[in-house]
Amino acid sequence: MIIKEIEVKSVMTKSNLPVSDYSVNPYVGCSHACKYCYASFMKRFTNHPEPWGEFVDVKYWPDIKKPEKYAGKEAFFGSVTDCYQPCEKKFGRTRTLLEQLQGSGISISIATKSDLVLRDLDLIGMFPNARVSFSINTLDEAFRREMDRGVSIERRLAAMKQFYEAGVQTTCFISPIFPGITDPIEIIEAAKRQCNLVWLENLNLRGDYGAKIIEWIHQKHPELDDLYHEIYSKKSREYWISLDQRLREYTKKENMPYLRDDDQHRSEFGEPPVVVNYFYHEEVKKSAKKNQ
Ligand code: SF4
């Protein structure tokens, strides 16, 4: 692992994400090295010859002047890195940023695959509308280990529970859903009493990693070759439509609100969790563009 310390002008980047005003990435690169990492395109802008997952730049930025200018805004922590990857333990850049923004009135949302985030529970809980999201796309540790170097699913669920019980909003982010492998319903079952939002997102293979995932499926799950060919070469939507239907029936039975990402939604704290389906994100984006 190549770790380098770098100076940057600012860590607060105006965001075009629909869910936040700023995106915040205290590191460049991510040692969690997920095989499906959508952020790996960042490598092109980093001058790093090492593969994604093998380098991390640790950012140092000047003190934030007048943090109160962020009052009422929202920041998303970890759009192209994991703010709680292992080197955070040593460098503490995420914690420093939380300290710098403390009392500013900004809302924060943190996405992670690590339980190191528990270290900052007290600080995080002091932000308005704080939310911590844990990515979980399997309950099978062997598959998890093949796909990422985050902490075990058991530890993610345990951390989610602690945040939830401390009154901090939590999201179970079921992403990416691998056709034929990820069972979203068993994950919701494991998390439903300790999260107030579930996000579902399908695997897309548009990035450079797409061919590697298809090859991995071929090596480890040749029985799924045809299914992946249908979905990713022939662009069939049948798998997602039928999973959507299963989820609709399951959430109805469980009395959980079930929304698509084109629905206007606002999560309420408490049980049961709101389940939001992002399977149709691309279609929604396309139709929004057409209507502009
Ligand atoms: S944790 Fe997130 S940013 Fe890090 S490698 Fe995995 S998907 Fe990419």
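User: Let's start with pairing. In which sense do strand E6 (residues 74–77) and E7 pair, and over how many bridges?

Analyst: Strand E6 (residues 74–77) pairs with E7 in the parallel sense, over 4 bridges. Keep in mind as we go that this is a predicted model. The general idea is that strands of a sheet pair through backbone hydrogen bonds, either parallel or antiparallel. For a concrete pair of residues here, look at Ala75, which stands opposite Ile108 in E7.

User: What does E7 do with strand E8 (residues 131–135)?

Analyst: E7 and strand E8 (residues 131–135) pair over 4 bridges, in the parallel sense. You can find this pairing at Thr112, whose bridge partner in E8 is Phe134.

User: How many of the residues of E7 are buried?

Analyst: Of the 6 residues of E7, 5 are buried, so E7 is largely enclosed by the rest of the structure.

User: Now an open sheet. What is the order of the 3 strands in the open sheet, and which of them stand at the edges?

Analyst: The order is E1-E5-E4, and the pairing is mixed. Strand E1 (2–7) and strand E4 (27–28) are at the edges; each has a single partner strand, so one side of each is left without a neighbour in the sheet. E1 and strand E5 (residues 55–60) run parallel and are joined by 6 bridges. Within that pairing, Glu7 stands opposite Tyr60 in E5. When you look along such strands, a general guide helps: in a regular strand the side chains alternate between the two faces of the sheet.

User: Next, the nonpolar core. Which residues of the largest nonpolar core touch the most other members?

Analyst: The largest nonpolar core has 45 residues, and those touching the most other members are Val24, Phe77, Ile108, Ile110, Ile124, Cys172 and Ile174. Domain 1 (1–108) and domain 2 (130–203 + 237–292) both give residues to this core, so it lies between them. There is also a second, separate core of 14 residues, which includes Tyr27, Phe55, Val56 and Ile231.

User: What is Ile108 in contact with, leaving aside its neighbours within four places in sequence?

Analyst: With those neighbours left aside, Ile108 is in contact with Ala75, Phe77, Ile124, Phe127 and Ala130. Ala75 is also the residue that stands opposite Ile108 in the E6 and E7 pairing.

User: How many residues of domain 1 are in contact with domain 2?

Analyst: 7 residues of domain 1 are in contact with 7 residues of domain 2. By class, the side of domain 1 that touches domain 2 has 4 nonpolar, 2 polar and 1 charged residues. As a general point, the size of an interface is often given as the accessible area lost when the parts come together.

User: Let's turn to the ligand. Which residues are around the ligand?

Analyst: They are Cys30, His32, Ala33, Cys34, Cys37, Ala39, Thr81, Asp82, Lys113 and Asp148. By class, this shell has 5 nonpolar, 2 polar and 3 charged residues.

User: Where is Lys113, and is Lys113 buried or exposed?

Analyst: Lys113 sits in the loop between strand E7 (107–112) and helix H3 (121–125). The cut-off for buried is 20 or more other C-beta atoms within 10 Å. Lys113 has 26 such atoms, so it is buried. Leaving aside neighbours within four places in sequence, the contacts of Lys113 are His32, Asp82, Ser135, Asp148, Gly150, Val151 and Arg156. Take Val151: the two residues are 38 residues apart in sequence, yet their C-alpha atoms are 6.4 Å apart in space.

User: Can we finish with backbone geometry? What is the phi of Ala33, and where does Ala33 lie?

Analyst: Ala33 has a positive phi of about 50° although it is not a glycine. Ala33 is placed in the loop between E4 and E5, and with 18 C-beta neighbours inside 10 Å it counts as partly exposed. Lys235, too, is a residue other than glycine with a positive phi, near 60°. Lys235 lies in the loop between helix H8 (225–233) and helix H9 (238–254) and is exposed, with 7 other C-beta atoms within 10 Å.

User: Which residues does a cis peptide bond join?

Analyst: A cis peptide bond joins Ser175 and Pro176, with omega about -10°. Pro176 is found in strand E9 (residues 169–177).

Definitions and conventions
Residues are numbered from 1 along each chain as its sequence is written. This is a predicted model: local features need pLDDT of at least 70, side-chain atom pairs count only at pLDDT 80 or more; totals for chains, interfaces and linings use all residues. Two strands pair if DSSP finds at least two bridges between them. Helices (H or I, at least four residues) and strands (E, at least two) are DSSP runs, numbered from the N terminus. A residue is buried if 20 or more other C-beta atoms lie within 10 Å of its own, exposed if 12 or fewer, and partly exposed in between; C-beta atoms are placed from the backbone. Two residues are in contact if their C-beta atoms, placed from the backbone, lie within 7 Å. A residue is near a molecule or strand if its C-beta atom, placed from the backbone, lies within 6 Å of it. Ala, Val, Leu, Ile, Met, Phe, Trp, Tyr, Cys and Pro count as nonpolar, Asp, Glu, Lys and Arg as charged, and the others, Gly among them, as polar. A nonpolar core is a set of buried Ala, Val, Leu, Ile, Met, Phe, Trp, Tyr and Cys residues joined through C-beta atoms within 7 Å. Domain bounds come from an automatic or database domain assignment.
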